[in-house]
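Work through the exercises below with the coordinates open beside you, and try each task before reading its solution.

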Amino acid sequence: MMKNKRILCLKKSRVYGLTLFAVVATYSCVPSKTLLEENSDVPMRYQNQLEDSLNSASTRWKDFFSDPYLNALIDTALIKNQELNIMLQRVEMAKNEIRTRKGEYLPSVNLQAGAEIEKVGAYTRNGAVEEQLEIREGKEFPEPLSNFVVGAYASWEVDVWKKLRNAKKAAVFEYLSSIEGKNFMVTNLVSEVAASYYELVALDSRLAIIEQNLAIQQNALAMVRLQKTAARATELAVRRFEAEVLKNKSQKYEVQQQIVETENKINFLIGRSPQHIPRDSKGFIERTVGEVNAGIPSQLLQNRPDIRQTEYELAAAKLDVKVAKANFYPSLGIKAGVGLEAFKPKFLTSTPQSLLYNVVGDVVAPLINRNAIKAAYGNANARQIQAVYEYEKAILNAYIEVANQLSNIDNLNRSYELKVGQVQALNESIDISIRLFQSARADYMEVLLTQRDALESSEDLVETKKDQMLAKVSMYRALGGGWDR
């Protein structure tokens, strides 16, 4: 008994010695790379802006947009948009990946049941042995020999270096990254629906202005024709006014086509076939844009889903480097099994004669030709550096987007005030030019050009108002608003 113990201890010491040698040999040859640290510093405030923590990104989109028709469209888009639903399935796949990685570092247990029948030749080693052996006295081995087995087998890779656990944590970060990717898509979807809606309303206003000016131009055309009858105007004047009326009628159909295309763009975003988009286009030019609070730049790190997405991807990339480095170290595996085996089913319950079991432990360490492992480690480190740059790029891009929209909103407000005065002056000049023409104190070209300038300035005013509304939407998206927190 003591001798058996000494032999067992000697075997264990040899195993431990080999394990220690493998660890030392591989650890001394593991390459080491320095991880690149990310820089998340941002300015204290935006350029030419006061430092104020009030941020419109925290406002829910249902409260940020006051138009009930627009809110109904956004609600539908968040349910039926195909791209968003595709993204939701990617999130689900990332969630399932966590379960896969978790199962890799837990023990695996399988049940097995099998049956076989075998006939060996008499002039073989197995045949000669069976010829000389008896199961019990006077009882030979059956021929052919059948075999039945029932058992449970377990295998487990002991996660000594936390390779499998780090892989599972990396999968968790990838899952969180996919959620933020979904949130970023929601932000973009909300802003795209809102922007398309304001473009549609602006087109309605532009169409109304064209129809209003057509009425004025047709009245002017009738007046010129009367003037020609009275020999106070020429055929040239009549033709010029007719051409202007036809030009604006043609422009009217172009705007109507743009309305159809914009409606169908919204229908695509909300996942339905082409149909009329209900909307409120009245008083578009007089609508107040509303104030958008930018807050401070550091809030972008929490509010912008794309920044949070790259942050989680960076965390996953750092863990992937650790996983790749752990591949240089020895892996310790344990296998065990227990079951029953006999050549007839009735003997399966005869224990301990039919009982079988085994326990195996092995240590595997890469020593020679580790190029594949080195390449995987190098790629993991390169991806980590790439993730750092992606993270820093996302922060810089977010800051610049907000800064651009702050300047855009300020300049559009000033431009709008000037164009309001321009439109008012040109609309008043239409009546003046017509009266002067009737009294032969103005040429028909002055009337024509005045009407044309008034139409163009009114359309410019609508475009400026539309740009103001789009700037508000873009600012809300740039700040990270639109997704439910």
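The exercises that follow concern a predicted model, and they go from confidence to helix packing and then to pockets and cavities.

**Exercise 1. Confidence**

Task: Establish in which helix confidence is lowest and in which it is highest, and decide how the start of the chain should be read.

Solution: Begin with the protein as a whole, for which the mean pLDDT is 86, with 94% of the residues at 70 or more. Next, go to the helices: the lowest confidence in the protein falls in helix H1 (residues 2-27), with a mean of 45, whereas the highest falls in helix H3 (residues 68-80), at 96. Then look at residues 1-16, where pLDDT stays under 50 and the model has zero contacts beyond four places in sequence. Where pLDDT is low, the predicted coordinates should not be read in detail.

**Exercise 2. Two helices in contact**

Task: Determine whether H4 and H6 are roughly parallel or roughly antiparallel, and describe their contact by residue class.

Solution: First take the geometry, in which helix H4 (residues 82-104) and helix H6 (residues 163-229) pack at an angle of about 170 degrees, their axes lying 8 Å apart. Angles over 145 degrees count as roughly antiparallel, and H4 is therefore roughly antiparallel to H6. Finally, sort the residues of this contact between H4 and H6 by class, which gives 15 nonpolar, nine charged and two polar residues.

**Exercise 3. The two largest pockets**

Task: For the largest pocket and the second largest pocket, find the volume and the helix that gives the largest share of the lining.

Solution: Start with the largest pocket, whose volume is about 540 Å³. Its lining comprises 23 residues, and those nearest the centre are Gln49, Val292, Ala294, Leu406 and Ile409. Helix H10 (371-438) and helix H11 (444-479) each contribute at least two residues to this lining, and the largest share, seven residues, belongs to H10. By class, the lining of the largest pocket has nine nonpolar, nine polar and five charged residues.

Proceed to the second largest pocket, which holds about 340 Å³ of space. It is lined by 16 residues, with Ile209, Gln212, Val423, Asn427 and Ser458 the closest to its centre. Here H6, H10 and H11 each give at least two residues to the lining, but the largest share, five residues, comes from H6. The classes in the lining of the second largest pocket are seven nonpolar, seven polar and two charged.

**Exercise 4. The cavities**

Task: How many cavities of 30 Å³ or more does the structure hold, and which residues line the largest cavity and the second largest cavity?

Solution: The count is two. Consider the largest cavity, with a volume of about 70 Å³, which is lined by Glu157, Val158, Asp159, Val160, Trp161, Lys162, Lys163, Ala326, Tyr329, Pro330, Ser331 and Leu332. Strand S4 (145-158) and strand S5 (331-342) are the elements that give two or more residues to this lining, and its classes are seven nonpolar, one polar and four charged residues.

Turn last to the second largest cavity, with a volume of about 30 Å³ and a lining of Val289, Ile409, Leu412, Asn413, Gln468 and Ala471. H10 and H11 each supply at least two residues of this lining, and H10 has the largest share, with three residues. Sorting the lining of the second largest cavity by class gives four nonpolar and two polar residues, and no charged ones. Ile409, which lines this cavity, is also among the residues nearest the centre of the largest pocket.

Note on methods:
Residues numbered from 1 in each chain as written. Predicted model: local features only at pLDDT ≥ 70, side-chain atom pairs only at ≥ 80, totals over all residues. Heavy atoms only, no water. pLDDT = per-residue confidence, 0-100. Helix = DSSP H or I, 4+ residues; strand = E, 2+ residues; numbered from the N terminus. Contact = heavy atoms within 4.5 Å. Axes fitted to C-alpha atoms, helices over the stretch in contact; angles between N-to-C directions. Parallel < 35°, antiparallel > 145°, perpendicular 65-115°, else oblique. Nonpolar A, V, L, I, M, F, W, Y, C, P; charged D, E, K, R; others polar. 1 Å grid on protein atoms, 1.4 Å probe; cavity = no way out; pocket = protein on both sides within 12 Å on 5 of 7 lines; lining within 4 Å. Points joined across faces, edges and corners; volume = space filled by probe spheres on them.
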